[in-house]
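User: I am new to this structure and would like a close look at one part of it. Please take a single helix and describe its surroundings.

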Amino acid sequence: MSNALAHIWRHPLKAIGREALDKVLLTPGEWLPCDRLWAVAHDRTKPGTGWLPKANFLRGVTEPALMAATAHLDDVTGTLTLDHPEAGQIEFEPDNPEDTPGLLDWLSRIWPSDLPSPTGIYRAADARLTDVPDPWLSINNLSTHRAVEQRVGKELSIHRWRGNLWIDGLGPWQEFEWVGKTIQIGPTTLTVHQPITRCKATMANPETGRRDADTLAALRTWDHQDFGVYAEVIEGGDISVGDTVKVPA
């Protein structure tokens with residue numbers, strides 16, 4: 001079986017919601033479009049205008065209920081729709097301050113009162129709010145995911161890993177062999193920089209928002225706590241689900 005791009009996912013609001021895409025335009029030196037474009041700040045967020053560390057925002061590692069949200073971003077109107085099994089649905093414009101109170105009310109249904117209180121939307125001036133400041137996207141391997149499922153002893157949703165691109169047809173952990181090398185997805189070329197170290201957010205079930213699998217213990221049986229890799233777009237272009245993926249021999 002040839003290697004193929006199986007899924008494309010973006011997460012417009014950091015840690016809250018996920019959205020499937022059929023195709024996307026990748027640009028050299030840029031993040032996946034509209035991925036982690038916004039984040040929700042809290043009352044302990046440090047002032048800034050650019051990229052800030054993830055501790056400044058609401059995260060699934062702090063409250064796993066956030067993991068159960070899905071999202072849809074209207075690229076024309078800028079309207080973001082979030083849907084959650086407990087909080088329900090909300091439609092708002094993240095860049096419109098008048099919509100912030102409605103979002104905060106929606107979050108109050110799932111965000112514990114004993115944690116730092118959400119205060120509003122944060123958008124960096126010249127960056128995306130991924131876990132690292134570099135203009136990288138994340139690539140995951142479906143075969144590696146299946147290997148983790150076997151160690152855990154149950155079926156797991158791929159959304160625990162909140163990845164951008166998913167590749168099928170590889171061997172387990174083959175993606176770690178690409179560090180420092182380039183891969184091709186459709187017409188694009190990406191350089192793979194480093195593995196992604198994981199946190200307790202991956203222990204939450206994205207359907208229920210409750211921790212129900214020790215993914216970190218499973219990863220440690222391979223003597224690390226990594227899953228997926230970060231990559232940088234070197235040559236851009238349109239990629240689509242089903243595109244052929246060429247990897248180093």
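Analyst: What follows looks at helix α2, then at the sheet beside it and at the cavity. The model is a predicted one.

Helix α2 spans residues 142-152. Its N-terminal end is capped by N141, which places a side-chain oxygen 2.8 Å from the backbone nitrogen of S143. Just after the helix comes G153, with a positive phi of about 90°.

Which residues of α2 are buried? They are L142, S143, T144, H145, A147, V148 and E149. These buried residues pack against three strands, β1 (4-10), β9 and β10 (165-168), and also against α3 (215-220) and β15.

Q150 also belongs to α2. Is Q150 buried or exposed? Its relative accessibility is 68%, so Q150 counts as exposed, the cut-off for that class being over 50%. The C-alpha atom of Q150 lies 9.1 Å from that of A218, although 68 residues separate the two along the chain.

The strands that α2 packs against, β1, β9, β10 and β15, are part of an open sheet of 8 strands. The order across the sheet is β2-β1-β10-β9-β15-β12-β11-β17, and the pairing is mixed. At the edges stand β2 (19-21) and β17 (245-246); each has a single partner strand, so one side of each has no neighbour in the sheet. Strands of a sheet pair through backbone hydrogen bonds, in either the parallel or the antiparallel sense.

One pair in this sheet can be followed in detail. Strand β9 covers residues 137-141 and strand β15 covers residues 226-235. The two are antiparallel and are joined over 3 bridges. In one of the pairings between them, L137 has A231 of β15 as its bridge partner. The residue that caps α2, N141, falls within the range of β9.

Strand β9 also leads to the cavity. How many cavities of 30 Å³ or more does a search of the whole structure find? The search finds 1. The largest cavity holds about 430 Å³ of space. Its lining is made up of 25 residues, and the closest to the centre are K14, R36, D131, R162 and R198. The elements that contribute two or more residues to this lining are β9 and β12 (188-197). Sorted by class, the lining has 10 nonpolar, 6 polar and 9 charged residues.

Strand β9 thus appears in each part of this account: α2 packs against β9, β15 pairs with β9, and β9 gives two or more residues to the cavity lining.

Note on methods: Residues are numbered from 1 along each chain as its sequence is written. This is a predicted model: local features need pLDDT of at least 70, side-chain atom pairs count only at pLDDT 80 or more; totals for chains, interfaces and linings use all residues. Side-chain values use heavy atoms; hydrogens and water are left out. Two strands pair if DSSP finds at least two bridges between them. Helices (H or I, at least four residues) and strands (E, at least two) are DSSP runs, numbered from the N terminus. Buried means under 20% relative accessible area, exposed over 50%, partly exposed in between (1.4 Å probe, protein chains only). Contact means heavy atoms within 4.5 Å. A polar contact is a pair of N or O atoms within 3.5 Å; within protein, one must be able to donate a hydrogen and the other to accept it, and residues adjacent in sequence count only if both atoms are side-chain atoms. On a 1 Å grid over the protein atoms alone, a cavity is a set of points where a 1.4 Å probe fits but cannot get out, and a pocket is an open set with protein on both sides within 12 Å along at least five of seven lines; lining residues have an atom within 4 Å of a point. Grid points are joined across faces, edges and corners, and a volume is the space filled by probe spheres set on the points. Ala, Val, Leu, Ile, Met, Phe, Trp, Tyr, Cys and Pro count as nonpolar, Asp, Glu, Lys and Arg as charged, and the others, Gly among them, as polar.
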